[in-house]
Amino acid sequence: MFALDDSFARELVGLHQPWRAEPVADPSLVILNEELASELGLDVEGLRSPAGDSILAGNDAPAGVTTVAQAYSGQLFGGYSPRLGDGRALLLGEIVDDEGSRLDLHLKGSGRTPFARGGDGRAALGPMLREYVIGEAMHALGIRTTRALAVAATGETILREVDGRVTDVPGAVLARVASSHLRVGTFQFASATGDRELHGRLTGYAIARHTPDAAGADNPALALFDHVVDVQASLVARWMAVGFIHGVMNTDNTTISGETIDYGPCAFMDAYDPTTVFSSIDHGGRYAYGNQPAIITWNLARLAEAMLPLFDDDTDAAVESASGVLQTFPERFQSAWSAAMRAKLGLDAGVAGGDPSSSDPSNGDDVIGDLLALMGEQRVDYTMCLRALSSVVRGDAEPARSLFTEPEAFDAWAARWLALVGEDRSAIADRMDRVNPIYIPRNHIVEEVLTAASWGDHDALDDFLDAVTHPFEQRPGRERYAQPAPDAVDYRTFCGT
Ligand code: AMP
Ligand code: MG
């Protein structure tokens, strides 16, 4: 059913523990991502059979591969943890396509491993379905992400704190697909072993999987670092453009691939506010929406530190090379962010009235900044406002201006903005509708459909999933999904569940 390879297990001994999943009482599929399964060339019928359930829940090991718990370190809220690793997860192996590119198939909630510390090694159904929903929504928004292949219920309950009380909740195993599970923390772990040969092997492995051209560079390790800086700059720029807050941007949750990973306490912002924090454990607001570009820079600096001896034997020269690359982050981030925002505002085909020969990528950036400031002052819903702008371009300002408590300020801004929007208004408005979502996974709805699903009612989840995986297509009957949470409710998200 699965033809898996195990290159990570074979080539990176020293960065994992061979391990098996701990069988569960009564595995049954709760949800299968048929679209992803077909894309991967997997046998959908087989996955839906009891034999498929057994593999996806960890009761049967796939044939011919060594399954492993991966070792990694991590900076958790800034504090260094040298030995983190997969405490409740398992790398089953890699799905290799015809062109030879490989994707990890990984289980989360598959039982305690030698890295488990105090945890029970398990995962709860609600949070695993949450990872499924939000990951698929991100994918549909065109944002690079790990993806859920399936969630299987275990037929067992586990103890979790719910509303301040420890209670029994249904257990589940998530099957996740990723370009790889290499993280900044993987390099930190390799660096801490002091084993230069292992460290070099990891670098070669990462290059082969994520940026094969770097192998031919003058300094392959530095070229890999440059690649990670680039993909993370564009990833976080895309998060910012859709109002996504990751919530736990620890170095173990920062991938080498540039994919979003670990949908724990993440959420989408409603009213525009750079200080927005959802995570119940983020007391200092370290991972607030507006801090994300600074935090990813900090995490990339930790990667540079972990890779220094690979850049150059001479430490000063290595530091200089690493700094040179890291210094390119602000410009790369700004250019990716600005491109995404200009598309949202219909300014991507150049700015009307501007000098057509000018390729200044910041054309229109002050207009973008002023809109954000206005949204912030008047606490306007970020997603609704951006979506409503296409109506303004079509000649109807009302849907946008009615979101503002002082619409005159919006009118003044809109006049300046419209002067920059090109002539072909109807085509521009249509293009804007393809980059400004109507349906994002708003927390209050996510919680509602997951609660229903935990009680066995899947209709609401199915309907909501259909909406967020077609985020740009307006559909009657789904108005509620497009609305922000009622004012009185202060949502908090929880992780480690
Ligand atoms: P995460 O919040 O999923 O990124 O996990 C951070 C670290 O805690 C990783 O090393 C996990 O493997 C570990 N961890 C989280 N929950 C559990 C659990 N229930 N049992 C064992 N380890 C866990
Ligand atoms: Mg993690």
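**Note on the metal site, ligand 1, cavities and selected residues**

1. Asn253 is buried, with a relative accessible area of 9% (buried is under 20%, exposed over 50% and partly exposed in between, with a 1.4 Å probe and protein chains only). Asp262 is buried too, at 17%. These two residues coordinate the magnesium ion, ligand 2, through OD1 of Asn253 and OD of Asp262, at 1.9 to 2.2 Å. Donors are N, O and S atoms within 2.8 Å of the metal (3.2 Å for Na, K and Ca), and water is not among the atoms, so the site may look incomplete.

2. This is a predicted model, in which local features need pLDDT of at least 70 and side-chain atom pairs count only at pLDDT 80 or more, while totals for chains, interfaces and linings use all residues. Residues are numbered from 1 along each chain as its sequence is written, chains are lettered from A and ligands numbered from 1 in the order in which they are written, and side-chain values use heavy atoms, with hydrogens and water left out.

3. Ligand 1 is surrounded by 16 residues (a heavy atom within 4 Å). The closest are Gly85, Gly87, Asp120, Gly121 and Asp262. Asp262 thus appears at both ligands: besides coordinating the magnesium ion, Asp262 has a polar side-chain atom 2.8 Å from an oxygen atom of ligand 1.

4. Two further polar contacts to ligand 1 can be listed (N or O pairs within 3.5 Å). A backbone N or O atom of Gly85 is 2.6 Å from an oxygen atom of the ligand. For Arg117, a side-chain N or O atom is 3.5 Å from an oxygen atom of ligand 1.

5. Arg117 is exposed, with a relative accessible area of 54%, and sits in the loop between β8 (102–108) and β9 (123–124). Its phi is positive, near 50 degrees, although Arg117 is not a glycine. Most residues other than glycine have a negative phi. Phe77 also has a positive phi, of about 50 degrees. Phe77 lies in the loop between β5 (74–76) and β6 (79–81) and is partly exposed, at 29%.

6. There are two cavities of 30 Å³ or more (sets of points on a 1 Å grid over the protein atoms alone where a 1.4 Å probe fits but cannot get out; lining residues have an atom within 4 Å of a point). The largest has a volume of about 60 Å³. Its lining includes the magnesium ligand Asn253, along with Trp239, His246, Met249 and Glu259, among others. Helix α8 (residues 220–242) gives the most to this lining, with three residues. By class the lining has five nonpolar, six polar and one charged residues.

7. The second largest cavity has a volume of about 40 Å³. Among the residues lining this cavity are Ala241, Lys344, Tyr382, Arg387 and Pro437. Two elements, α8 and α13 (382–393), give two or more residues, and α13 gives the most, with four. The classes here are five nonpolar, two polar and two charged.

8. Ser454 belongs to helix α17 (residues 443–454) and is partly exposed, with a relative accessible area of 30%. Its C-alpha atom is 43 Å from that of Pro330, 124 residues apart along the chain. Helices and strands are DSSP runs numbered from the N terminus (H or I, at least four residues; E, at least two).

Methods:
1 Å grid on protein atoms, 1.4 Å probe; cavity = no way out; pocket = protein on both sides within 12 Å on 5 of 7 lines; lining within 4 Å. Points joined across faces, edges and corners; volume = space filled by probe spheres on them. Nonpolar A, V, L, I, M, F, W, Y, C, P; charged D, E, K, R; others polar. Polar contact = N/O pair within 3.5 Å; in protein donor to acceptor, adjacent residues only side chain to side chain.
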